[in-house]
Amino acid sequence: MAGMFDDYEYDILPTLLEDEENVSLADILALRDECLSEQELWAICRETCMALRSIEMSDLFQTLCITPETLAFNAAGNVCFMDILDDNPEGIYIPPEYDKTGNTFKAHLYSLGATLWAAAHYVIEPEVE
């Protein structure tokens, strides 16, 4: 493992505060002030798919819509999901077949793809004075 990431440049983000358990992808993008690299996107894709399999039988699986606000990382760096009940996700994250099929693994993959696309194309909007 030593030397595996020697060619990979990255910026260390600030640590979580004691009262913060998870940090969302949206927060990370805002802190970095730039989009994610291809390597980071693939890593998030893999880890998110594994996390989805682990919650497949839970209530969260049925209510979750993966967005940059709900895809999160815990203090150990593992992918987790934030259940934002009072938030209606943007239409870009909702699969076309959702009204017919509800939340399925394929529906979550659609939402994950839209989330990764947003992370790959993330840009900070210039501040208007």
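The following questions and answers concern the sheet, helices and nonpolar core of this predicted model.

Residues are numbered from 1 along each chain as its sequence is written. In this predicted model, local features need pLDDT of at least 70 and side-chain atom pairs count only at pLDDT 80 or more, while totals for chains, interfaces and linings use all residues; side-chain values use heavy atoms, without hydrogens and water.

Q: What is the order of the strands in the open sheet?
A: Strands are DSSP runs of E with at least two residues, and helices are runs of H or I with at least four, numbered from the N terminus. Two strands pair if DSSP finds at least two bridges between them. The pairing in this sheet of three strands is antiparallel, and the order is β1-β2-β3.

Q: Which residue of β2 is the bridge partner of V23?
A: Strand β1 is joined by three bridges to β2, residues 71-74. The partner of V23 in β2 is F73.

Q: Which strands does helix α2 touch?
A: Contact means heavy atoms within 4.5 Å. Helix α2, residues 38-54, packs on the sheet. The strands that α2 touches are β2 and β3.

Q: Which residues of the largest nonpolar core touch the most other members?
A: A nonpolar core is a set of buried (under 20% relative accessible area, 1.4 Å probe, protein chains only) Ala, Val, Leu, Ile, Met, Phe, Trp, Tyr and Cys residues joined through side-chain atoms within 4.5 Å. The largest one has 22 residues. Those touching the most other members are L25, L52, L71 and F81.

Q: Which helix supplies the largest share of this core?
A: Among the elements that each supply at least two residues are β2, β3 and α5. The largest share is five residues, and these come from α2.

Terms used. Axes fitted to C-alpha atoms, helices over the stretch in contact; angles between N-to-C directions. Buried < 20%, exposed > 50% of the residue type's maximum accessible area, 1.4 Å probe, protein only.
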